[in-house]
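Here's a set of exercises to work through with the model open in your viewer. Try each task before reading its solution.

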Amino acid sequence: MNMITTPPPLTARATTILTVKKILVSEPTHHILLDPISLLFSFCKVIMKLQGNLTKEQHQQQAAAAVEEEEEDMCGTIEVASFVDLSPPAILPPIAGDELSLIPPLNFSMVDNGIFRSGFPDSVNFPFLQTLRLRSIIYLCPEPYPDANTEFLKSNGIRLFQFEIEGHKEPFVNIPEDMIREALKVLLDIRNHPVLIHCKRGKHRTGCLVGCFRKLQRWCLTSVFDEYQRFAAAKARVSDQRFMELFDISSLKHLPMSFSCLKR
């Protein structure tokens, strides 16, 4: 039985020699033997063909390597994607005391150390008000304080000072000077600090009380009116500004005042 054996693969060196032989055989031998220039030209052709073969082999090897890399990348991508969690993120409920749950009342602002102003606080504002550690509230409306707000004051030991100033619109605005004067006495008493001043929107009645307080702090009228208009905006009233301009502070100058903007 005859055995057919497969010859071993040629090495790169053997392949090169074989290629040179084939090229030389294909060239006219009489030119190579008789003409040195033709011999040199033939060797150049051999080298160029060898380079072309090598270039083809390199391109083939690079193409094969690129295919392998793409397959590996695809496998890696599929493997990573299998571990991706596509479930929607969990939404945590708001935590009491968290900064995101601290909502100040409408038109809230700091007037001075221990003195704040705002519109009417709602139940959503209670956690924020707790951070102020209030001792008292100056309420400038005639309506009764809501039960929820009253309960909040009791549970936090906050004292309520109510001054029943009607909220009429122009030209029927009548700001009682005696009530503003009494409210200023409460405001100037440091034993009531920290204190919050508020009416309904924190614009007109609150703005008049703060404006008279600024006169006690020796603010010029231009600054007093600028602050009032910043909170009242388009609802600013000429009657309110006239009241602040004509308000007499001489009877209140004897009261102790120890605020940051007075220390010069």
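What follows is a run of tasks, each with a stepwise solution.

**Ground rules**

This is a predicted model, where local features need pLDDT of at least 70 and side-chain atom pairs count only at pLDDT 80 or more, while totals for chains, interfaces and linings use all residues. Residues are numbered from 1 along each chain as its sequence is written, and side-chain values use heavy atoms, with hydrogens and water left out.

**Exercise 1. Check the confidence and lay out the fold.**

*Step 1.* Start with pLDDT, the predictor's confidence in each residue, from 0 to 100. The protein averages 77, and 58% of the residues score at least 70.

*Step 2.* Look at the weak stretches. Residues 29–34 sit below 50, and beyond near neighbours in sequence that stretch has five contacts in the model (contact means heavy atoms within 4.5 Å). Residues 77–84 also stay under 50, with zero contacts beyond four places in sequence.

*Step 3.* List the elements, taken as DSSP runs numbered from the N terminus: helices are H or I with at least four residues, strands are E with at least two. You should get nine helices and five strands, in the order α-α-α-β-β-α-β-α-β-α-β-α-α-α.

*Step 4.* Now the burial. Of the 264 residues, 33% are buried, where buried is under 20% relative accessible area, exposed is over 50%, and partly exposed is in between (1.4 Å probe, protein chains only).

**Exercise 2. Work out how β1 and β2 pair, then see what D112 does there.**

*Step 1.* Strand β1 (residues 109–112) and strand β2 (residues 115–118) run antiparallel, joined by three bridges. Strands pair if DSSP finds at least two bridges between them.

*Step 2.* The two strands make a hairpin with two residues between them, and G114 in the turn shows a positive phi of about 80°.

*Step 3.* D112 belongs to β1 and stands opposite I115 in β2.

*Step 4.* D112 is buried but has no salt bridge: the nearest side chain of opposite charge, R214, is 4.7 Å away. For charges, Lys and Arg count as positive and Asp and Glu as negative, with His and the chain ends not counted. A salt bridge needs a side-chain nitrogen of Lys or Arg within 4 Å of a carboxyl oxygen of Asp or Glu.

*Step 5.* What D112 does have is a polar contact, side chain to side chain, with Q217 at 2.9 Å. That term means a pair of N or O atoms within 3.5 Å; within protein, one must be able to donate a hydrogen and the other to accept it, and residues adjacent in sequence count only if both atoms are side-chain atoms.

**Exercise 3. Which residue does R214 pair with in a salt bridge?**

*Step 1.* The structure holds four salt bridges. In the one you want, R214 pairs with E227, and the closest N and O atoms are 2.8 Å apart.

*Step 2.* This pair links distant parts of the chain: E227 in helix α8 (residues 221–232) and R214 in helix α7 (residues 205–216), 13 residues apart. Both E227 and R214 are buried.

*Step 3.* Set that beside E182 and K185, whose side chains meet in a salt bridge at 3.4 Å, N to O. They're three residues apart in helix α6 (residues 177–188), so about one helical turn separates them. E182 is partly exposed at 39% relative accessibility, and K185 is partly exposed at 39% too.

**Exercise 4. Is S136 buried or exposed, and what surrounds it?**

*Step 1.* S136 lies in strand β3 (residues 136–139). With a relative accessible area of 1%, S136 is buried.

*Step 2.* Its side chain reaches the backbone oxygen of N192 at 2.5 Å.

*Step 3.* Skipping neighbours within four places in sequence, the contacts of S136 include I158, R159, F161 and P194.

*Step 4.* Follow P194, found in the loop between α6 and β5 (195–198). A cis peptide bond joins H193 and P194, with omega at about -5°.

**Exercise 5. Where does R133 lie, and what is its phi?**

*Step 1.* R133 is in the loop between α4 (126–132) and β3.

*Step 2.* Its phi is positive, about 55°, although R133 is not a glycine.

*Step 3.* R133 counts as exposed, at 68% relative accessibility.
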